[in-house]
Amino acid sequence: MTFPTERPATWFVTGTSRGLGLELVKQLLDRGDDVAATTRSTERLLAALAGADTTRLLPLTVDLRDEAAVAQAVERTTERFGHLDVVVNNAGYGFLAAVEETTARDVRDMLDVQVVGVWNVLRATLPVLRSQRGGHVVNVSSVLGLTSVPGWGLYCAGKFALEGLTEALAGEVAEFGVEVTIVEPGYFRTDFLTTDSLALPDSTTAAYPAIREMTENHLELQGSQLGDPVRGARLMIERVVNGQGPLRQLLGSDAHAYATAKVQALQANLDAAAPTASASDFPA
Ligand SMILES: NC(=O)c1ccc[n+]([C@@H]2O[C@H](COP(=O)([O-])OP(=O)(O)OC[C@H]3O[C@@H](n4cnc5c(N)ncnc54)[C@H](OP(=O)(O)O)[C@@H]3O)[C@@H](O)[C@H]2O)c1
């Protein structure tokens, strides 16, 4: 896709009243772009944007799990701005518990936001991007979409799913001139690790003291994370404006180190499996 330079670009961003989403909206409005910003609370979004020029903002209260509501939000975006250039699936939240402490409700809630919600946005926006033969989809995953650690099973299940669908999507829409980026942040100094954002299980067992300790440590990490959301949002915007980058955008030296360790472990696993992998083949 060629990013529009002769007119303001139109962005559709989810999860915008806090954190990276809010910072994206601020910087996009500063650039003079048009922004459709979805949130569960336009009141909170507008309060967070107090003092900013919101002439080019379309704040939208949307439950991302509601397919019809998402479709209507996309329709309002194209009606208002006449274009749709970039879709950023940013909304998401963390959940810290052992796998066996995670209820079916917890699983559905997470996947509803991180997978079903994203899919609702894609189903509503891809026909527009495809028919205009250009656009950019940015799916905000995590380095935990590449690697998983104890206590983060449900969050990783959502982000791994997001990565899988996004890799397929990139291959499907390239021929229509639609570019796709997976953003993989490390720890960022947003609201992500506050109890306003982070979800915890209703009940726990005494069997996992290390996960309780990890949870406490993460809550205490708030305010000292390595990643700067202002710099992160700027890099995300630059990636889209410049175009033609790699599928994955790692944000943070911590993310890069965790991802590198995963690739090395995976390579060692592949090497160890190589001698026996062919043993299940039908003989030629
Ligand atoms: N911060 C990190 O360390 C980190 C690391 C890796 C990846 N990420 C990812 O980056 C993205 C942005 O997170 P952030 O760091 O900016 O966290 P944040 O400050 O907590 O903001 C999260 C945003 O996601 C939306 N959201 C949260 N729970 C939601 C739910 N149940 N339904 C719908 N929307 C929901 C919120 O939107 P509204 O309240 O406006 O509806 C909020 O604006 C997420 O996808 C997150 O997984 C963050």
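These are my notebook entries on a predicted model, going from the whole chain down to the ligand.

**Overall build**

I began with the size of the chain. For 284 residues, a compact globule would have a radius of gyration near 19 Å, and I found 20 Å here, so the two agree. I then looked up the box that the C-alpha atoms fill, and along the principal axes it comes to roughly 55 × 55 × 35 Å. Going through the secondary structure, I noted eight helices and seven strands in the chain.

**The sheet**

In what order do the strands of the sheet run? I read E3-E2-E1-E4-E5-E6-E7, an open sheet of seven strands with parallel pairing. The edges are strand E3 (57–61) and strand E7 (248–251), and each of them pairs on one side only. I also checked the turn between neighbouring strands, which is 15° on average, ignoring direction.

Next I picked out one pair to follow by eye. Strand E4 (residues 86–89) runs parallel to strand E5 (residues 135–140), and four bridges join them. Val88 is a handy place to start, since I found it opposite Val138 in E5.

**Two helices on the sheet**

I turned to what packs on the sheet. H3 touches strand E1 (10–13), strand E2 (34–39) and E3, and its direction makes about 165° with that of E3. H4 also packs on the sheet, where I saw it touching E1, E4, E5 and strand E6 (178–185). The direction of H4 makes about 165° with that of E4.

How do H3 and H4 pass each other, left-handed or right-handed? I have the crossing down as right-handed. The axes of H3 (residues 67–81) and H4 (residues 104–132) come within 8 Å and cross at roughly 35°. On the H3 side I listed Glu67, Val70, Ala71, Val74 and Thr78, which meet Asn120, Val121, Ala124, Thr125 and Val128 in H4. Sorted by class, this contact has six nonpolar, three polar and one charged residues.

**Around the ligand**

My last stop was the ligand. Which residues come nearest to it? Out of the 25 residues around it, I wrote down Gly15, Ser17, Gly19, Thr39 and Gly92. Helix H1 (residues 19–31) gives the most to this shell, with three residues. By class I tallied ten nonpolar, twelve polar and three charged residues in the shell.

Conventions
Residues are numbered from 1 along each chain as its sequence is written. This is a predicted model: local features need pLDDT of at least 70, side-chain atom pairs count only at pLDDT 80 or more; totals for chains, interfaces and linings use all residues. Axes are lines fitted to C-alpha atoms, for helices over the stretch in contact, and angles run from 0 to 180 degrees between N-to-C directions. A crossing is left-handed if the near helix is turned anticlockwise from the far one by less than a right angle, and right-handed if clockwise. Two residues are in contact if their C-beta atoms, placed from the backbone, lie within 7 Å. Ala, Val, Leu, Ile, Met, Phe, Trp, Tyr, Cys and Pro count as nonpolar, Asp, Glu, Lys and Arg as charged, and the others, Gly among them, as polar. A residue is near a molecule or strand if its C-beta atom, placed from the backbone, lies within 6 Å of it. Two strands pair if DSSP finds at least two bridges between them. The radius of gyration is taken over C-alpha atoms; the globule rule is 2.2 Å times the number of residues to the power 0.38.
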